[in-house]
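Work through the exercises below with the structure open. Each task is followed by a solution in steps.

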Amino acid sequence: MIKMEGVTKSFGSNHVLKGLDLEIARGTSMVIIGGSGTGKSIALKCILGLVTPDAGRITVAGGTSDRDAFLARFGMLFQGGALFDSLPVWQNVAFRLLRGSLAKPRAEAREIAIHKLRRVGLGADVADRFPSELSGGMQKRVGLARAIAADPEIIFFDEPTTGLDPIMAGVINALIREIVTEMGATAMTITHDMTSVRAIADNVAMLHDGVIQWSGPVADIDHSGNAHLDQFIHGRAEGPIQPLR
Amino acid sequence: MTILAAIGRSVLALLASVGRVFIFAVQALSHVVRPPFYHKELAAALLNIGWLSLPVVGLTAIFTGGALALQIYAGGARFNAEAVVPQIVAIGMVRELGPVLVGLMIAARVTSSIAAEIATMKVTEQIDALITLSTHPMKYLTVPRVLAALISVPVLVAVGDIIGVFGGYAVATGTLGFNPAAYIKNTVDFLEPLDIISSLTKGAVFGFAAALIGCYFGMHSGRGAMGVGAATKGSVEAAAMVILAANFVLTGVFFTL
Ligand SMILES: Nc1ncnc2c1ncn2[C@@H]1O[C@H](COP(=O)(O)OP(=O)(O)OP(=O)(O)O)[C@@H](O)[C@H]1O
Ligand SMILES: [Mg+2]
């Protein structure tokens, strides 16, 4: 479905991606793990074309050259939520349904928005509030509702459970799993939370030092024999990944 | 040698940024005529840029018109030409001070807020989010603001001109002993259509430049709060410079007509 080959990206002397190879099959859930600042968010942005890679190839199956049609197949939850603070919550969620090729009547769009908000554990009462009036975790969930509002074929979640309580994190993990298994969507999730990894993933890829150090089915992560992955999932300070102190 | 090199570098950098703003302007204009059009965003921008700027514009104009009348009276009195107050206030306000002061107030009020708003959107990934939601930031953010400024700033300039002339009238008839009816007659008889055309043309150019520069600096903001601050500061500086330079050029052009 999505294939990245030898993708590189540098910001000045900061070489973030150094030849990333990654493949995600249709209808599967890929989770990317890796230390902070290793370029996970940048990798997602490269696929969406928000960041132009310096080199490498990215192909998305069934791709068209029309950018609007291409983007209409995607949903994206940004790490920081990226809600439009000039619009009330429901218009954020229904943004795509209020204009452009997927436009629906206003009442119907609102209906869908409220339904999606309920799926991320938010009541109808938040629909008319503004993003700045919500807590961080609520904003995150509104971002999630916006990402899934138009039932996209491919969904990217950048740290969907960061800042949520364990129960809500469980709800969101179940939701992401459900979107993949029931609606057949292809999902790519970034997370630091090993509980989420086990709940969401079909496959896991570990990014470190600009390349994928290990990738494989989630069932294999506990006996991968990969020192990077072992250190990461057990949260050890000692190992091949050197934290700066 | 190093001084020359430094001057050369900054001139080149300036020319490069002028070129980038020019390309940005061409892109913005090309999006004006291509759908989709965001009417609600245009209406909101008209309200913000046009209607809500009225108090600032009115106050600026009335004080300036009043002060102008006093200065012209004081200056004119040195060679027994106090009677020219209505004519010089009219021409000074309409041809020069009205458009320039309104333009600078728009740079202070509108350019800064556009730049800060769009820069914040950029820094918080809202611009990226717009793109992933198949909405072109140029169409959704830039076009409504630039169009709104292009439409409403000439109107603001017209209002400023009228209020400024009224400020002169109030001071002249109130404290300088001018006859009200004669003052108005002198003003109206003296102004020519070209004066008003030049005033409104300047307004349109300044409004376009002010909004465009705000959008440009916002879209090209650096990261973080520092980036937003730098974008806002840079936009107001650039807009004020462009307005004053354009004023000089336009005055020259209308001078030869
Ligand atoms: N626009 C940019 N300009 C310069 N450097 C950038 C930019 N965006 C990201 N970077 C750098 O790229 C690197 C990777 O950033 P990225 O946001 O992808 O990290 P991440 O893996 O998502 O980390 P985290 O888990 O903390 O979110 C970082 O070192 C960051 O400083
Ligand atoms: Mg990230």
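The model is predicted.

**Exercise 1.** Decide whether Y38(B) is buried or exposed, then describe its aromatic pair with Y140(B).

*Solution.*
Step 1. Y38(B) has a relative accessible area of 12%. Buried means under 20%, so Y38(B) counts as buried.
Step 2. The value for Y140(B) is 6%, and this residue is buried as well.
Step 3. The ring centres of Y38(B) and Y140(B) are 5.2 Å apart, with 85° between the planes. Planes over 60 degrees apart count as edge-to-face, so this pair is edge-to-face.
Step 4. Y38(B) sits in the loop between α1 (2–32) and α2 (39–50) of chain B, and Y140(B) in helix α6 (residues 137–174) of chain B, so the pair ties together parts 102 residues apart in sequence.

**Exercise 2.** Classify the aromatic pair formed by F84(A) and F95(A), and locate both residues in chain A.

*Solution.*
Step 1. A search over all chains finds eleven aromatic pairs.
Step 2. In the pair of F84(A) and F95(A), the centres are 4.8 Å apart and the planes make an angle of 45°. Stacked requires under 30 degrees and edge-to-face over 60, so the pair is tilted.
Step 3. F84(A) belongs to the loop between β5 and α3 of chain A, while F95(A) belongs to the loop between α3 and α4 (106–119) of chain A; eleven residues separate them.
Step 4. F84(A) is buried at 2% relative accessibility, and F95(A) is buried at 0%.

**Exercise 3.** Which protein atoms are donors of the magnesium ion (ligand 2), and where in chain A do their residues lie?

*Solution.*
Step 1. The donors are OG of S41(A) and OE1 of Q79(A), at 2.0 to 2.2 Å from the ion.
Step 2. S41(A) is in helix α1 (residues 40–48) of chain A, and Q79(A) is in the loop between β5 (74–77) and α3 (89–93) of chain A. The two are 38 residues apart.
Step 3. Q79(A) has a relative accessible area of 35%, which makes it partly exposed.

**Exercise 4.** Describe the surroundings of ligand 1.

*Solution.*
Step 1. There are 15 residues around ligand 1, and S36(A), G37(A), K40(A), S41(A) and Q79(A) come nearest.
Step 2. The surrounding residues come from chains A and B, so the site is shared between chains.
Step 3. Oxygen atoms of ligand 1 lie 2.7 Å from a backbone N or O atom of G37(A), 2.9 Å from a polar backbone atom of G39(A) and 3.3 Å from a polar side-chain atom of E159(A).
Step 4. On its own, ligand 1 has 630 Å² of accessible area, of which the protein covers 71%.

Conventions:
Residues numbered from 1 in each chain as written. Chains lettered and ligands numbered in written order. Predicted model: local features only at pLDDT ≥ 70, side-chain atom pairs only at ≥ 80, totals over all residues. Heavy atoms only, no water. Donors = N, O, S within 2.8 Å, 3.2 Å for Na, K, Ca; no water. Helix = DSSP H or I, 4+ residues; strand = E, 2+ residues; numbered from the N terminus. Buried < 20%, exposed > 50% of the residue type's maximum accessible area, 1.4 Å probe, protein only. Near = heavy atom within 4 Å. Polar contact = N/O pair within 3.5 Å; in protein donor to acceptor, adjacent residues only side chain to side chain. Areas by Shrake-Rupley, 256 points an atom, 1.4 Å probe, with all protein chains shown as cover. Phe/Tyr/Trp six-rings, centres within 6.5 Å; stacked < 30°, edge-to-face > 60°.
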